[in-house]
Structure formats: structure tokens, C-alpha cells
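Please open the structure in your viewer and keep the sequence beside it, so that each selection can be found in both places. Take the stops slowly and in order.

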Amino acid sequence: MTIRDVRPDFPVLAREMDGNKLTYLDSAATTLKPRQVIEATTRYYTEVSANIHRGKHMLSEEASDAYELCRTRVAAFLGIRAAEVVFTANTTQALNLVATGLDLDPGDLVLVSRDAHHSLQLPLRARATVDWIPTDVTGAVDLEAYARKLERRPALVAITHCSNVTGRYAPAAEMAALAREHGALTLLDAAQSVPHRPVRVPELGVDAIAFSAHKMLGPTGIGVLTVGPALADRLRPALLGGGVVDWVDTSGWVLRRPPHRFEAGTPHIAGAYGLRAAVDYLDDLGMPAVAEHDAWLAGVLHTEATKRDYLSVLAPGPGERSATLSVAVRDIPDLTEVARSLSDGYGVMCRSGHLCAQPLVAEAAGSAVLRLSAQVYNTAEDIRTAFTALDELQPLLAGA
């Protein structure tokens, strides 16, 4: 490992599957949680358990302070002001908040990454005219063709920062600068990038980014949408009710300032405790060191995959990648049993299917794929274990 051995911090890794050591390679779907995050989340329920921003008693104020401290902590992690951090349920809700809040209509043009997760593309396809950001034969963004698309004056450019299928990074800063020159807002799906490398919003120059705590060692049920100044005043709250208003009378109401106007109802307070602990954990490791470890694991994944002629790697060309790799397996179009056999027979947890990016996977592979995705708790041994298990399974399943 290129960082300290963090595996003792993750209780799930102590489990065995039918006598096999657990090898967890499904982090693009959700990451494991370290003890520090579990304890912080539990602490809210066992020591506080009060609602926020409502009461004046000690427990309510303690919870409120902790919740807002999490907001400040996330803002520092991203290099922005706390007022730009909106807490959501997850990346999907954050992306929908932008799609609905901009009041897009079918006459508006939106450019969307070809490798977009369903959560990025579908809210926009349901409301506007979508065109795809061009890529070259290797799957990399074709910046010249992209610039020509911008001449059509899109209202919004929706960018996948890092593909959950191929692990490929997009040149987000360059794409955002070009979009700004043509008057377009930019929305970045950062669910797969924030957990793996330093992400500083001012350096990227995007108007909004969205990501989930559960993909960065944090709890499920809480996510983040950052809303820059150009977007904040244009964005209409998706929900109304408690928490979003400063005043209500029989003739109307007054919305609170961002970010609170976008956070209706009682939030996932325990999740905020856990999210702050996850950010602290990653910062303690050092995000440059996390990125270095991730790039090293990405290299191991691709080296092992390309050794095997029965595997076809999706988007195998050069470029920056996270430790996420998807492969098609020769003669096995349905990989359900492969994933199940890896789990039940070898203790290897990975993902099969179309990975919530069906247009990309169907076009690139023509069938379902198998995805292996790593995080800070993974080693080269984990990856080699998975590929050795595949070697043993492939002839059996191909002939079935």
C-alpha cells in the first residue's frame, strides 16, 4: 500500500465468506465505513439525539452547532464558503434539485457527458433537450468537438468528473471554462472523484458539484450539493416547509438565504456527524496520498486485466483514471452468476450489470459488464485475488 495500512479501521473486513478472507471491490457503489465514522454517527443517537435549528435547549443547540460545523468542515475540504454547501439525501437528490430548480423546459439545450450515471442524465432528459458531449475512440472527451457544441448556446453543461464505469476522469476545469465563455452553467457529478483525489471547487470553476457521503467512507442518506453564486439566486427550492423559511403569514412567506432554503424538514443529523468524521479521516490520511494510492491501484487493475485475453476492458485508452475498472467476459453475456460465484466461492465482492450507465455500457460492451472498484483499504493482493478467482471461474461458466 502507498498509504498506511488502514484495514484494521474497517470492521467489515474482519468478516470471512465460507472460510475466505473478505475482498471488497465494490466501492464505486458504496464504500466501507471506518470505526471513526461509525462511532461519530452512533454518538449523535446515544449522546444528543435532538433536532436542529428549532429549540433553544442545550441538546438542540449542541446538535445544531455540530450540524453547522459539518457544513463548515465540508466547505473547507472543497475550498468554498459554508453558505455554498447544501446537504441533500445523496448525489441523486442533489442532481435532481438542480434539474428541477432551474425550471428547464424542452426548448432548453443541455450538454451531458456520454458516460453519465442515470442520476445525472435522466433528470435532465425528462425536462430539456439533451445532446451528448463528444468523445474520441478511446472514450476521452473531444474538446474541439465539444467547443463546437457550445456554439449552440446550451443552458447547462452536465459533466461526469469521473466515470463510475471506466474510472476515466474528464478535464472538468477546461470544460467549465469553455462553457462559461458561451454563457452556460456547469454541473459536476463528483460522486466518484471526491473520494479519490483533492477536489477544489474554485480550481475547477464549475457552478455546482454533487456527491454522496457513502462513497467517501461516510454514512448513507446524506449528500452534498455545492451552489455557487451564479446559480444560488436562480435555483428554485424543490420542497417547501419547515427549515426553508424565515417568516410565514396568511399572505405569503419569506425564504431563508441559501443554503437553508434548499434543506426542507428534519435532515439526516446523524449523517452529518458521520460525514464530518469521514472528511476528517480522509484529511488525516492526506488527499494527495489517497490520490497516489488510488492511481497505483488503478495501474494494478489495468495490468491484471490486460494479461487476460478473455477480458475486454471498457475504454482502455490512455488518460487519468481512478481505481475503477469494468470488463466484459468473453462468451458470458450475463455476468450475474460470475459475480455471485466470486462472492460465495471466493469472498470477492464486485458488481455486475449495466452499472446505472446503461447507454454507455450497452454501446461499449454490448452486454453486461463486471466492475472492480477499490478504495483506501484495498491492496494489490486484493486485486490479484479477484483476477485469480476469475481465471478459475471463466472456463466453468463459459461452458455452462
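What follows is a tour of a predicted model, with a suggestion at each stop of what to select and a description of what is there.

**The nonpolar cores**

Begin by selecting Val74 and Leu275, which are the residues with the most contacts inside the largest nonpolar core, a set of 64 residues. Then add helix 9, residues 269-285, which gives this core its largest share, namely nine residues. Which residues does Leu275 touch, not counting those up to four places away in sequence? If you show its surroundings, you will find Cys70, Val74, Phe87, Ala213, Met216, Pro219, Ile222 and Val224. A second core, separate from this one, has 30 residues, and you can locate it by selecting Ala298, Ile383, Ala386 and Phe387, which are among them.

**Tyr281 in helix 9**

Return now to helix 9 and select Tyr281, which is found there. Is this residue buried or exposed? Tyr281 counts as buried, because its relative accessibility is 5% and the cut-off for buried is under 20%. Leaving aside neighbours within four places in sequence, Tyr281 is in contact with Arg4, Val6, Asp9, Phe10, Pro34, Gln36 and Leu217. For a distance to try in the viewer, draw a line from the C-alpha of Tyr281 to that of Ala172: the two are 26 Å apart in space and 109 residues apart in sequence.

**Charged pairs**

Side chains of opposite charge can pair when their charged atoms come close. In this model the count comes to 24 salt bridges, and a few of them are worth selecting in turn.

Select Arg351 and Asp26, whose closest N and O atoms are 2.8 Å apart in a salt bridge. Arg351 lies in strand 16, whereas Asp26 lies in the loop between strand 3 and helix 1, so the pair ties together parts that are 325 residues apart in sequence. The two partners can also be compared by their exposure: Arg351 is partly exposed, at 34% relative accessible area, while Asp26, at 8%, counts as buried.

Next select Arg73 and Asp283, which form a salt bridge with 2.6 Å between the closest N and O atoms. Arg73 is in helix 2 and Asp283 is in helix 9, so that you are looking at a link between distant parts of the chain, 210 residues apart. Asp283 is partly exposed, with a relative accessible area of 33%.

Finally for this stop, select the five residues Glu304, Lys307, Arg308, Arg384 and Asp391, which are linked in a network of salt bridges.

**Cysteines without a partner**

How many disulfides does the structure hold? There are zero, and selecting Cys350 lets you examine one case. The closest cysteine sulfur to that of Cys350 belongs to Cys356 and is 16 Å away, which is too far for a bond, because a disulfide needs the two sulfur atoms within 2.5 Å. Cys356 is in no disulfide either, as its nearest cysteine sulfur, that of Cys162, is 15 Å away.

**A patch on the surface**

For the last stop, select Leu240, Val248 and Trp253 and show the surface, where these residues make a nonpolar patch of about 350 Å². Trp253 is found in strand 12, residues 252-255, and this residue is exposed, with a relative accessible area of 53%.

Technical notes: Residues are numbered from 1 along each chain as its sequence is written. This is a predicted model: local features need pLDDT of at least 70, side-chain atom pairs count only at pLDDT 80 or more; totals for chains, interfaces and linings use all residues. Side-chain values use heavy atoms; hydrogens and water are left out. A nonpolar core is a set of buried Ala, Val, Leu, Ile, Met, Phe, Trp, Tyr and Cys residues joined through side-chain atoms within 4.5 Å. Buried means under 20% relative accessible area, exposed over 50%, partly exposed in between (1.4 Å probe, protein chains only). Helices (H or I, at least four residues) and strands (E, at least two) are DSSP runs, numbered from the N terminus. Contact means heavy atoms within 4.5 Å. Patches are made of residues with over 30% relative accessible area and no salt bridge: like charges are joined within 9 Å, nonpolar side chains (Val, Leu, Ile, Met, Phe, Trp, Tyr) within 5 Å. Accessible areas come from the Shrake-Rupley method with a 1.4 Å probe; for residues, only the protein chains shown count as cover. A salt bridge is a side-chain nitrogen of Lys or Arg within 4 Å of a carboxyl oxygen of Asp or Glu.
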